[in-house]
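The exercises that follow work through one protein model, from strand pairing to the reliability of the coordinates. Please keep the sequence and the structure in view while reading each solution.

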Amino acid sequence: MEISLGRLAFDLDFHPSSELVSAGLISGDLHLYRYGANALPQRLLEVRAHTESCRAVRFIDGGRAIATCSPDRSILATDVETGSPIARLEDAHGDAINRLINISETTIASGDDEGCIKVWDTRQRSCCNSFDAHHDYVSDMTFASDASKLLSTSGDGTLSVCSLRRNKVQAQSEFSEEELLSVVIMKNGRKVICGSQAGTLLLYSWGCFKDCSDRFIDLSPNSIDALVKLDEDRIITGSENGLISLVGILPNRIIQPIAEHSEYPVERLAFSHDRKFLGSIAHDQMLKLWDLDDILQTSGKTPTSEVAEKDSDSDEMDVETSPPKNKGTKRKGASIGNELSSSNSFFADL
């Protein structure tokens, strides 16, 4: 199933309970589509959400609204039914906002181009946490709900662990020579997997974030821009060469390429609410919905590469208490300060 967006898309997200998918475009537009297994996709909304590009989209408040962010430093909430703006926060960050993720039904996190991460309570419409997590743009984030920790990757080559309870950066990896672009948590919370610009998967053991415990270097010569977790042993990767692959973790192996979006880089991947579809966007201006059962039906039968390495790392949950010092690598400018903008509300009333 293919949807022509007409513009380059930066992000997509599926509704948490119905057959709706949204996309944020380089033009600043927000698109919303209804899809179905036996019907052509139907565009329900086309909204000019931002004056600059729409870099991230997330359904919030149980799917009743869509949150978007932009280099114009604003966060907007749009009503799913009407397309009308519910509320907007101008100057939510000091720099261009690059990523949004859901933490809970009423809490989201945003990350900007200078490495600052903020956590927002959508009920109170306020910022409840702020972290100077990185020295470069925040490329991806994921949330460990059991530990109440927010994990993030960055163009500065680090993985950071932010504690929401303590309101501080609790751990940070050493600087990698490669930009880290994507992150997922696997093995029932015992492993953190990061995709890199060089096409390597870096594996970290929970609680031992200073250095990776393993590297999967045979995956791709192209950057791994997107990761989604299929189950505790397998992930799906989206690469710069347009390939979407099924990959096993510990033992590390390429199970098989399962789809080819196009010859252009895959920007993002996401699952539908019922996990029947895998959504992908790339630089070809297309949103594609893949029937997950169809593309996985032959998985595991023809592995193309295998590195059967035993996981000998300790799985204890001890967490480092402070980030390591910069080892002297030249990085982007200093981190943003902890001060919030003059507006403390999450959304300014319209």
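**Exercise 1.** In which sense do strand β3 and strand β4 pair, and over how many bridges?

*Solution.* Before the pairing is read, the conventions have to be fixed. This is a predicted model, in which local features need pLDDT of at least 70 and side-chain atom pairs count only at pLDDT 80 or more, while totals for chains, interfaces and linings use all residues. Residues are numbered from 1 along each chain as its sequence is written, and side-chain values use heavy atoms, with hydrogens and water left out.

Strands are DSSP runs of E with at least two residues, helices are runs of H or I with at least four, and both are numbered from the N terminus; two strands pair if DSSP finds at least two bridges between them. On these terms, β3 (residues 20–25) and β4 (residues 29–36) are antiparallel partners, joined over five bridges. Within this pair, Val-21 has Tyr-33 of β4 as its bridge partner.

**Exercise 2.** Place this pair in its sheet, and then describe the sheet formed by β6 to β9.

*Solution.* The order β2-β3-β4-β5 describes an open sheet of four strands with antiparallel pairing. Its edge strands, each pairing on one side only, are β2 (9–14) and β5 (39–48). Neighbouring strands here are turned by 20° against each other on average, direction ignored, where the axes are lines fitted to C-alpha atoms and angles run from 0 to 180 degrees between N-to-C directions.

The second open sheet has four strands in the order β6-β7-β8-β9, again with antiparallel pairing, and its edges are β6 (56–60) and β9 (85–89). Strand β8 (residues 75–79) runs antiparallel to β9 and is joined to β9 by four bridges, with Ile-75 standing opposite Leu-89 of β9.

**Exercise 3.** Summarise the protein as a whole, and state where the coordinates call for caution.

*Solution.* The secondary structure comes to one helix and 29 strands. Of the 350 residues, 59% count as buried, that is, under 20% relative accessible area, with exposed meaning over 50% and partly exposed in between, for a 1.4 Å probe and protein chains only.

The mean pLDDT, the predictor's confidence in each residue from 0 to 100, is 86, and 85% of the residues reach 70 or more. Over residues 300–350, however, pLDDT stays under 50, and the model has 124 contacts beyond four places in sequence for this stretch, a contact meaning heavy atoms within 4.5 Å. Where pLDDT is low, the predicted coordinates should not be read in detail.
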